[in-house]
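Please open the model in your viewer and keep the selection panel handy. We will begin with the whole chain and then move in to a single residue.

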Amino acid sequence: MNGAKDIRSYGYKVGSIPCGKANLITDVPGVKVGHCTVEENGHKTGVTAVIPCDGNVFVKKPVASVFTLNGYGKTAGTIQIEELGVIETPICLTNTLNVGKVSDALVEYTIQKCAGDHIKVRSINPVVGETNDSLINPIQERAVEVHHVIQALESASEAFEQGCVGAGRGTVCCGLKGGIGSSSRVLDFAGKTYTLGALVQSNFGRMEDLMICGQPVGNRIAQELHPKNSKDEGSIMIIIGTDIPLSARQLKRVLKRAAVGLVRTGSYMGHGSGDVFIGFTNENYLPAAGKEKLISISCFPEDRLDLVFRMAAESVEEAICNSLIYAHQETGVDGKIYHCLSEFLPERV
């Protein structure tokens, strides 16, 4: 991670549930993440791709769900996820004005994947999330192209960078430099270890409201920097991935509790903040079954979901903290300096 250290290195431990081996969403078996950062001709933007499972996502169709706290966003694909309870492409994140271009690239990518498996497709539901990075990136130039999306998808692996990379290259969070962050939690149940992870693209909030593990860190930073015209606006994309066996309905319940992690970092979900959650489990799939064939899925006991709710909340809270701590200082399109969180926290580990 280019020498950067996570929020735990600064003495902050989020929650009480153990994290996965790398404390990343890719601790979930089968999940991979890739970035393509676009830094040319003054552009500071990119694409981040989350691949939810091994194999052809279109064929396997992992169970999925969506939840929106505030709908000031331009995501693609969420209507069909809501209706059918599955995803059929990787999830790509980018900036607001490139959603259409990234959707088109995802369609082409899926067509090619299916052609290699000798599968003809008539309909594809590309899943794309966004936040607006126009404070740092000249967004109107729409710099993300098909080859950037393909690079993010084809470079996806279990190890990936956080901070100012991919879709987080130009984001601003709570008046500081935001970015991509991730975290995970593990659960032992019925003799098996399950993992739930979060990945965020942070671009929300007011500096004065930022909280780290319950401490008003943002208020202290604001007293030092004296931000002007501070508003709760921007957006956040939150991706939850897990191998816990859940139905789409249960997964939506988990996504709602993931919002706790967002609130604990200081978000008030203002008018201009799009707060969108997309979740999947690669333990359950709903592929096209053909005629007269039933599909079976397994579900976690409803009365044992409390710990899963907490896993989601803790993962999201820590992922947001990591998106900030891994970021580096950046200059905006108007010359404003966006400081990074690490400038204001003494390293303790």
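The tour below goes from the overall fold to one side chain.

**Whole chain.** Start with everything selected, and keep in mind that this is a predicted model. In cartoon view you can pick out seven helices and 13 strands. Turn the C-alpha trace along its principal axes, and the spans come to about 65 × 45 × 35 Å. The radius of gyration is 19 Å, which agrees with the value near 20 Å for a compact globule of 349 residues.

**Surface and charges.** Now switch on the surface. About 14400 Å² is accessible, with carbon and sulfur atoms contributing 49% of that area. Next, select the charged residues: the 34 positive and 38 negative charges have mean positions 3 Å apart.

**Inside the fold.** Hide the surface and colour by burial; 58% of the 349 residues are buried. If you draw contacts between residues at least 6 apart in sequence, 78% of them link residues at least 24 apart.

**Zoom to N282.** Select residues 273-285, which form strand β11, and find N282 within that strand. Is N282 buried or exposed? Its relative accessible area is 9%, so N282 counts as buried, the cut-off being under 20%.

**Around N282.** Where does the side chain of N282 reach? It meets the backbone oxygen of P29 at 2.9 Å. Then show the contacts of N282, leaving out neighbours within four places in sequence: V28, P29, G30 and V31 appear, along with P52 and C53, and also T242 and D243.

How values were computed
Residues numbered from 1 in each chain as written. Predicted model: local features only at pLDDT ≥ 70, side-chain atom pairs only at ≥ 80, totals over all residues. Heavy atoms only, no water. Helix = DSSP H or I, 4+ residues; strand = E, 2+ residues; numbered from the N terminus. Buried < 20%, exposed > 50% of the residue type's maximum accessible area, 1.4 Å probe, protein only. Polar contact = N/O pair within 3.5 Å; in protein donor to acceptor, adjacent residues only side chain to side chain. Contact = heavy atoms within 4.5 Å. Rg over C-alpha atoms; globule rule 2.2 N^0.38 Å. Areas by Shrake-Rupley, 256 points an atom, 1.4 Å probe, with all protein chains shown as cover. Lys, Arg positive; Asp, Glu negative; His and termini not counted. Charge placed at Lys NZ, Arg CZ, Asp CG, Glu CD.
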